[in-house]
Amino acid sequence: MARLKIGFFGFGYVAATLTCGIERVKAGEIDLTGVPLENRIPGCNVEEIEVVCGFDVDKKKIGKDVSSFISMYPELKTMDSFDKIKIHQGVNLNSAEGMPFKTESIDDNHTLYECAKIIVERIIEEDLDCTITVTATEEIYDVDSVSALEAIIKEDRKDKITASMFYAYCAFLAAKKRERGIVHINGIPSKIANSPVFSELSEKSGSVLIGDDISSGQSRLLSDLMEHYKEINRTILSAVGANWGGNMDFYRLQDEKRNESKKITKTGCAKDILGYDMPSDIKPHAYLQNLGDKKAIFMHFPMKLFNGAEDEIYICGRINDSPAAAGMLIDMGRLGALAVSRGESGVNATINSFYCKWFGKQHSKILAYQKLIGWVKDN
Ligand SMILES: NC(=O)c1ccc[n+]([C@@H]2O[C@H](COP(=O)([O-])OP(=O)(O)OC[C@H]3O[C@@H](n4cnc5c(N)ncnc54)[C@H](O)[C@@H]3O)[C@@H](O)[C@H]2O)c1
């Protein structure tokens, strides 16, 4: 029996990679390489995860099952269970604007209040333990209070709310209604786990909130390198972190406002860890279709050391985007469920600081890992 039923808001590369990988683990085709905590999380092994459904706005996916569109992702293959995983219609709220596909969404012909009712009913019907937002990167919006958020929904102010905010609201409303907490993960660079409003909603519904954005590649490496040089007391003079990719995430980041959201989640960590600011440019740079999901990365740090000498570090590589994010999410969902089973609610800083890019003051991932292992072993 499934111990963790997952539903995705946005069923694209990351969701499809996670789903395919889990089914391949169950079939004995692959091992747990790339899942940080493997089967060391009490209460749920990777084989006990079931991806139940998705919510999307791509007309090609809605009402279909995963087997019908898995060929969109060349590295993935169809698995037996894919015809049972259905894609429901989600809310668009402009997140798919400018994307190269036709959209269909509940908010085309329903008010926000009606949309919430539909999504909440689906979450309850599908009996989801965990919902994960991996939709298109959005411009970052904020809201001041729970009552202001409720007013936006009641007054149908579609210009004041993004899809990731709306999905988080629905997840916690469903949890409250069924009187059983949910794990909600915000996998995109928007302000959900960093928002006191959503933190309050998660607490009041006995739920656990994890986010924001998944730290899966270059940003993790950057944070650990900064820790390393801080410990040996060198001064980093500047930091460049660039990447180019050919998946839809990079396509969308051609829009400046969305790219800004990524830049915010990526740049904070160097300053937080080192304790001083420096000239830096760390962000996705361009969409190059032929690179696909395997992005090209470049990093450069000049630094000062003893006796006025200067070193320069250059790193370049090709790294897979979605499998890295999927491996992290497999842990995040199970750790969130462990927190719920321990009676915890709200935002869990220990889980966030290891797996996410942006959660208050950032620490290196190596230090965050030690804390996380301590938390898992508690009780
Ligand atoms: N790929 C990674 O390694 C990685 C790492 C960290 C974070 N992320 C975040 O994960 C997100 C998804 O990445 P991806 O590579 O799967 O992208 P993708 O474009 O392949 O998938 C996104 C999916 O969301 C759907 N969508 C768009 N707007 C929606 C809405 N309002 N409601 C429901 N569905 C909607 C799209 O139709 C698509 O199916 C990105 O926004 C990115 O910020 C990805």
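Domain bounds in this text come from an automatic or database domain assignment. The model is predicted: local features need pLDDT of at least 70, side-chain atom pairs count only at pLDDT 80 or more, and totals for chains, interfaces and linings use all residues. Residues are numbered from 1 along each chain as its sequence is written.

**Exercise 1. Determine where the ligand lies with respect to the domains.**

Solution.
Step 1. The protein chain is divided into domain 1 (4–214 + 323–377) and domain 2 (218–320).
Step 2. Both domains give residues to the shell around the ligand, so the ligand's shell lies between them.
Step 3. Of the 34 residues around the ligand, G10, G12, G90, A163 and M248 come nearest; a residue is near a molecule if its C-beta atom, placed from the backbone, lies within 6 Å of it.
Step 4. Elements are DSSP runs numbered from the N terminus, namely helices (H or I, at least four residues) and strands (E, at least two). At least two shell residues each are supplied by α1 (13–26), β2 (49–56), α7 (248–252) and α9 (322–341). The largest share, three residues, comes from α9.
Step 5. By class, the shell has 18 nonpolar, 11 polar and five charged residues. Here Ala, Val, Leu, Ile, Met, Phe, Trp, Tyr, Cys and Pro count as nonpolar, Asp, Glu, Lys and Arg as charged, and the others, Gly among them, as polar.

**Exercise 2. Describe the contact between domain 1 and domain 2.**

Solution.
Step 1. The centres of domain 1 and domain 2, taken over C-alpha atoms, are separated by 26 Å.
Step 2. The contact takes 25 residues from domain 1 and 26 residues from domain 2; two residues are in contact if their C-beta atoms, placed from the backbone, lie within 7 Å.
Step 3. On the side of domain 1 that touches domain 2, α9 and α11 are the elements that give two or more residues. The largest share of that side, three residues, comes from α11.
Step 4. By class, this side of domain 1 has 10 nonpolar, seven polar and eight charged residues.

**Exercise 3. State how α6 and α11 are arranged.**

Solution.
Step 1. The axes of helix α6 (residues 218–231) and helix α11 (residues 365–377) come within 8 Å and cross at roughly 95°. Axes are lines fitted to C-alpha atoms, for helices over the stretch in contact, and angles run from 0 to 180 degrees between N-to-C directions.
Step 2. The two helices are therefore roughly perpendicular to each other, a term for angles of 65 to 115 degrees.
Step 3. R220, S223, D224 and E227 of α6 make the contact with K365, I366 and L367 of α11.
Step 4. By class, this contact has two nonpolar, one polar and four charged residues.

**Exercise 4. Identify the backbone features of D212, D213 and D156.**

Solution.
Step 1. Most residues other than glycine have a negative phi, and most peptide bonds are trans.
Step 2. G211 and D212 are joined by a cis peptide bond, with omega about 0°. D212 lies in the loop between β6 (208–210) and α6.
Step 3. D213 is found in the loop between β6 and α6, and its phi, near 70°, is positive. With 26 C-beta neighbours inside 10 Å, D213 counts as buried; the cut-offs are 20 or more other C-beta atoms within 10 Å for buried, 12 or fewer for exposed, and partly exposed in between, with C-beta atoms placed from the backbone.
Step 4. D156 has a positive phi near 55° and lies in the loop between α3 (146–154) and α4 (163–178). D156 is partly exposed, with 16 other C-beta atoms within 10 Å.

Key. Angles under 35 degrees count as roughly parallel, over 145 as roughly antiparallel, 65 to 115 as roughly perpendicular and the rest as oblique.
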